[in-house]
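User: I am new to this structure and would like to be led through it by questions and answers. Could each answer show its reasoning before it ends on what was asked for?

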Amino acid sequence: MMQVFLTELRSRWKLVLLIAILAAAALTGEKMIAKELVAKSTTLYVEQQVFIRQDGAQPAAVHYGEMFNSYGTLIAFIHQSEQVFDYTKFQPGWNGMDDEEKSKWLQKHILTRDVSPGIFLAATYVGPNEWKDADYARENGRKILESYIRFNEKQLQRFDSSVTFELQEPVELLPQEVAVARKPLLGKYAIVGFVLGALVGIFIVFVLAVRKRHA
């Protein structure tokens, strides 16, 4: 079988090459039209330190960081915050995701960490290589984080009404749109398209070889 395939490949190498070239041209052409190719946005990062107060005083030993970032908490927050914020501005496929996928996405982009007893740090982060609507992110990045913090405050108040959160001044790194060099990106897409096209062409030749063997 291998000999038949190799013979067929040698006789049809031009077909494989043609398919590879067409695939490279098609993928490059698509990316030339795509809006994301000419601009990208830098990092969104908002960090908020929060003091936990209980009856007005800082508790001696309270750690909530892990609980705030659990799937259950995040799913509940998602159901509430989706009525206010448009997450498709950060994740275009958001509306097609189920609760588990959404909570996993949020778990990667909203982080909490205990700093010391009664103090925790919350941050939202969307990296420079992740698509985002820069204008929307600048306007709502801090609001989403504050909404998340206040949501957790209300969750705790269901069990202890004396608990309050004191938010410190945030640290913000807001995204900016920057131009992306077109040629290096197009070259990468051309290579990827060529390789994928070549694989498709080789598969076609293999199918033809199988048919010839059993003819």
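The questions below move from the overall make-up to helix packing and then to salt bridges.

User: How many helices and strands does the protein have?

Analyst: This is a predicted model, and the elements can be followed along its chain. From the N terminus on, they run α-α-β-β-α-α-α-β-β-α-β-β-β-α. Counted by type, the elements of the protein are seven helices and seven strands.

User: What share of the contacts with a separation of 6 or more is between residues 24 or more positions apart?

Analyst: The protein has 215 residues, of which 35% count as buried. Among the contacts in the protein with a separation of 6 or more, the share that belongs to residues 24 or more positions apart is 80%.

User: Is helix 4 roughly parallel or roughly perpendicular to helix 5?

Analyst: Two packed helices are described by the angle between their axes and the distance between the axes. Here the axes of helix 4 and helix 5, the latter being residues 99–109, come within 9 Å and cross at roughly 100 degrees. Since angles of 65 to 115 degrees fall in one class, helix 4 counts relative to helix 5 as roughly perpendicular.

User: Which residues of helix 5 meet helix 4, and how many of the residues in this contact are charged?

Analyst: From helix 4 come Y71, L74, I75, F77, I78 and H79, and they meet D99, K102, S103, K104, L106 and Q107 in helix 5. By class, this contact has six nonpolar and three polar residues, and the number of charged residues is three.

User: How is helix 4 oriented to helix 6, and what is the handedness of the crossing?

Analyst: Helix 4 covers residues 71–81 and helix 6 covers residues 134–157, and their axes come within 11 Å while crossing at roughly 120 degrees. That angle is why helix 4 is classed as oblique to helix 6. The crossing of the two helices is right-handed.

User: How many charged residues are there in the contact of helix 4 with helix 6?

Analyst: On the side of helix 4 the contact involves T73, L74, A76, F77 and Q80, which meet I144, S147, Y148, F151 and N152 in helix 6. Divided by class, the residues of this contact are six nonpolar and four polar, and the charged ones number none, that is, no charged residues.

User: Which residue forms a salt bridge with R138?

Analyst: Side chains of opposite charge can pair when their charged atoms come close. The partner of R138 also lies in helix 6, three residues apart from it, about one turn of the helix. R138 is partly exposed because its relative accessibility is 28%, and the partner, at 48%, is partly exposed as well. With the closest N and O atoms 2.1 Å apart, the partner is D135.

User: Which residues are joined into one network by salt bridges that share partners?

Analyst: The structure holds eight salt bridges, and among them E146 pairs with R142 at 3.1 Å, N to O, these two being four residues apart in helix 6 and therefore separated by about one helical turn. R142 also meets E172 in a salt bridge at 3.8 Å, a pair that links distant parts of the chain, with R142 in helix 6 and E172 in strand 6 (residues 171–173), 30 residues apart. Relative accessibility makes each partly exposed, at 28% for E146, 30% for R142 and 36% for E172. The salt bridges that share partners thus join R142, E146 and E172.

Notes. Residues numbered from 1 in each chain as written. Predicted model: local features only at pLDDT ≥ 70, side-chain atom pairs only at ≥ 80, totals over all residues. Heavy atoms only, no water. Axes fitted to C-alpha atoms, helices over the stretch in contact; angles between N-to-C directions. Parallel < 35°, antiparallel > 145°, perpendicular 65-115°, else oblique. Left-handed = near helix turned anticlockwise from the far one by under 90°. Contact = heavy atoms within 4.5 Å. Nonpolar A, V, L, I, M, F, W, Y, C, P; charged D, E, K, R; others polar. Salt bridge = Lys/Arg side-chain N within 4 Å of Asp/Glu carboxyl O. Buried < 20%, exposed > 50% of the residue type's maximum accessible area, 1.4 Å probe, protein only.
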